[in-house]
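Visitor: I would like a close look at a single part of this model. Please take one strand and follow its connections.

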Amino acid sequence: MQKIVYYGYNESVLDFLKIGINNNTKLYFNWQINDTDIQDEINNLVECSRLLSPNFYFYINETVNWDEIDMMLLSIDVDRDNFAQKNSWIQKVVTEAVANGFNGIVVLDSNKDYLLINEILKYTGLSSRQVLGLGTSIESEVVARMVAKKLGINSNYIQTSVIGTRDKSFVLWSKGRVAEASLMSLIVQEKKYV
């Protein structure tokens, strides 16, 4: 069973939890949450997981046995004015986990993940294979869903690539695919018949 500890807040994490509960996914998910406006919604999801999903272990702010955790997911937006403060918070969270036996993977969901990764590697002793950023994968999924909506098909059949960083990204349309067909070839075909 995968064991994940999550810090921060992201709407897509709520969607992930709802899907996991609905599918009775075999997963341990501990959300370390601070003050938030959606505390009631999260509490309701915890209760739903207890009733509907015996394999989906969802907790809020439970004590963490760091030596058993496979992944720490950090969701944090950073800007020029708060970089030092946010980096200090991440450093505290990650070094405390490592000091208590954590040897899993740190995944950053951040607009500045490429900067924060280097900082984490400096002060934790974790290897470069253990500290990852989501980069533009979320943006790639958003573009895939937009294309799927336009075409009226399921986004599972769409592959798109958004490259760069989340601060400065662009869609690599030439790499887009719909099932086995090139997205560009479909666009060209559509223009022929318009």
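Guide: What follows is a walk around strand 4 and then through the salt bridges. The model is predicted. Strand 4 spans residues 71–75, and 4 of its 5 residues are buried, so the rest of the structure largely encloses it.

Take its partners next. Strand 1 (residues 2–8) runs parallel to strand 4, and 5 bridges join them. Glycine 8 has serine 75 of strand 4 as its bridge partner. Strand 4 also pairs with strand 5 (residues 105–109), again in the parallel sense, over 5 bridges. There, serine 75 stands opposite aspartate 109. To get from strand 4 to strand 5, the chain passes through helix 3 (residues 83–99), and this β-α-β crossover is right-handed.

Now the charged pairs. The structure holds 3 salt bridges. One of them joins glutamate 68 and lysine 3, at 3.3 Å from N to O. Glutamate 68 sits in the loop between strand 3 (56–60) and strand 4, and lysine 3 sits in strand 1, so the pair ties together parts 65 residues apart in sequence. Glutamate 68 is partly exposed, at 41% relative accessibility. Lysine 3 is partly exposed at 23%.

Another salt bridge connects lysine 18 and glutamate 41, at 3.4 Å from N to O. It links helix 1 (residues 11–22) with helix 2 (residues 39–52). Glutamate 119 pairs with lysine 122, with their closest N and O atoms 3.1 Å apart. Both lie in helix 4 (residues 113–124), about one turn of the helix apart. Lysine 122 is exposed, at 63% relative accessible area.

How values were computed
Residues numbered from 1 in each chain as written. Predicted model: local features only at pLDDT ≥ 70, side-chain atom pairs only at ≥ 80, totals over all residues. Heavy atoms only, no water. Buried < 20%, exposed > 50% of the residue type's maximum accessible area, 1.4 Å probe, protein only. Helix = DSSP H or I, 4+ residues; strand = E, 2+ residues; numbered from the N terminus. Pairing = 2+ DSSP bridges. Right-handed = clockwise from strand over helix to strand, strands pointing away. Salt bridge = Lys/Arg side-chain N within 4 Å of Asp/Glu carboxyl O.
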